[in-house]
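Please keep the sequence and the three-dimensional model side by side while reading. The paragraphs below lead from one strand to its surroundings, and then to other parts of the chain.

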Amino acid sequence: MTGTRWTAARDGPAAGRDAPFWDALDDGERAALRRVARPRRYPPGAPLCFQGDDSDHLVVIESGWAKVTSSGEDGREVVLAVRGPGELVCESAVLGGRERSATVTALGPVRALVVPAARFTGFLDAHPGVWRLVSGTFVRRLDDASRRLQAHVSAHGARRLAILLSELADLSARHAPPDASGAVVLGPPLSQEELGSWMDASRETVARALAALRAEGLVRTGRRKITVLDPAGLRAFARAPGRARPRAFTL
């Protein structure tokens, strides 16, 4: 996106609001941020930052996907979110001057820009308009968390999973358009255990819910791969609280 087009989107009601951080920057801002960053590649499973660490850097994902997790005193890891291309991660602790509250881990190969905290705040001081983008990122993530909490309370089983997969399909479609049939391959390669952690359900519940969605012709599954065959149908399934349970399964 060019600087001219982004100026319009930044002032518009919605186009800029949902754009990933990197995509929302203009060409000059991107060049300036690259000058204070160092490129880095992370293999699958590598941490971009650790929960509990002191804040000394943040990361802009250029390509690939990462999961955000938190561990309690019992050691149980809970998936809080996924982040993809263009997203700013490991930033809240840096800007808030506190220990990191979550771990960010590469789900697959990740290419990123690592920015030391002092250099990032210097970049923001030199480009004050970017502060609005950063604050907008915080607000959007709070809204997303609130919406997922509401879904968690109001939905169960296959419908709760359908809500999550619909959101992931919308996110994935921003980076890889649907195929000719309209199907969307989910970008984040999440396991059933990770999906279960995210929706506070067991792996067995996720497996049954996926089977139900497959029976409805809404998804196709493979190892760490989910294809949403009918995004509109999946959204309708997710929005139907009074819907009868799927034909062949009881959750």
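In what follows, two residues are said to be in contact when heavy atoms of theirs lie within 4.5 Å. The structure shown is a predicted model.

The tour begins at T221, a residue of strand β10, which covers residues 219-222. Which residues touch T221, once its neighbours within four places in sequence are left aside? The contacts are with L210, R214 and I226. Two of these partners can be described further. With R214, the link is between side chains: a polar contact joins the side chain of T221 to that of R214, at 2.9 Å. With I226, the link belongs to the pairing of strands, for I226 in β11 is the bridge partner of T221. A further separation may be noted here: A211 is 10 residues from T221 in sequence, and the two C-alpha atoms are 9.1 Å apart in space. Is T221 itself buried or exposed? The answer lies between these words, because a residue with a relative accessible area from 20% to 50% counts as partly exposed, and the value for T221 is 31%.

The pairing just mentioned extends beyond a single bridge. Strands β10 and β11 run antiparallel and are joined by four bridges. They form a hairpin with two residues between the strands. In the loop between β10 and β11, the latter spanning 225-228, lies R224. This residue has a positive phi of about 50°, although R224 is not a glycine. R224 is partly exposed, with a relative accessible area of 36%.

A similar point of interest is D200. Where does D200 lie? Its place is in the loop between α8 (192-198) and α9 (203-215). D200 is not a glycine, yet has a positive phi of about 55°. Its relative accessibility of 47% makes D200 partly exposed.

The next feature is a covalent link. C49 and C90 are joined by a disulfide, with a distance of 2.3 Å from S to S. The cut-off for such a pair of cysteine sulfur atoms is 2.5 Å, and by this rule the count comes to one disulfide. Why is this disulfide described as left-handed? The reason is that the torsion about the S-S bond of C49 and C90 is about -90°. C49 belongs to strand β2 (residues 47-49), whereas C90 is in the loop between β6 (88-89) and α4 (92-96), so the pair ties together parts that are 41 residues apart in sequence. A residue counts as buried when its relative accessible area is under 20%. C49 is therefore buried at 6%, and C90 is buried as well at 8%.

Finally, the confidence of the prediction deserves attention. The mean pLDDT over the chain is 84, and 83% of the residues score at least 70. Among the elements of the chain, strand β1 (residues 38-42) has the highest mean pLDDT, 98, and helix α1 (residues 3-11) the lowest, 37. Over residues 1-16 the pLDDT stays under 50, and the model has 23 contacts beyond four places in sequence for them. Residues 244-251 also stay under 50, with 14 such contacts in the model. Where pLDDT is low, predicted coordinates should not be read in detail.

Methods. Residues are numbered from 1 along each chain as its sequence is written. This is a predicted model: local features need pLDDT of at least 70, side-chain atom pairs count only at pLDDT 80 or more; totals for chains, interfaces and linings use all residues. Side-chain values use heavy atoms; hydrogens and water are left out. Buried means under 20% relative accessible area, exposed over 50%, partly exposed in between (1.4 Å probe, protein chains only). A polar contact is a pair of N or O atoms within 3.5 Å; within protein, one must be able to donate a hydrogen and the other to accept it, and residues adjacent in sequence count only if both atoms are side-chain atoms. pLDDT is the predictor's confidence in each residue, from 0 to 100. Two strands pair if DSSP finds at least two bridges between them.
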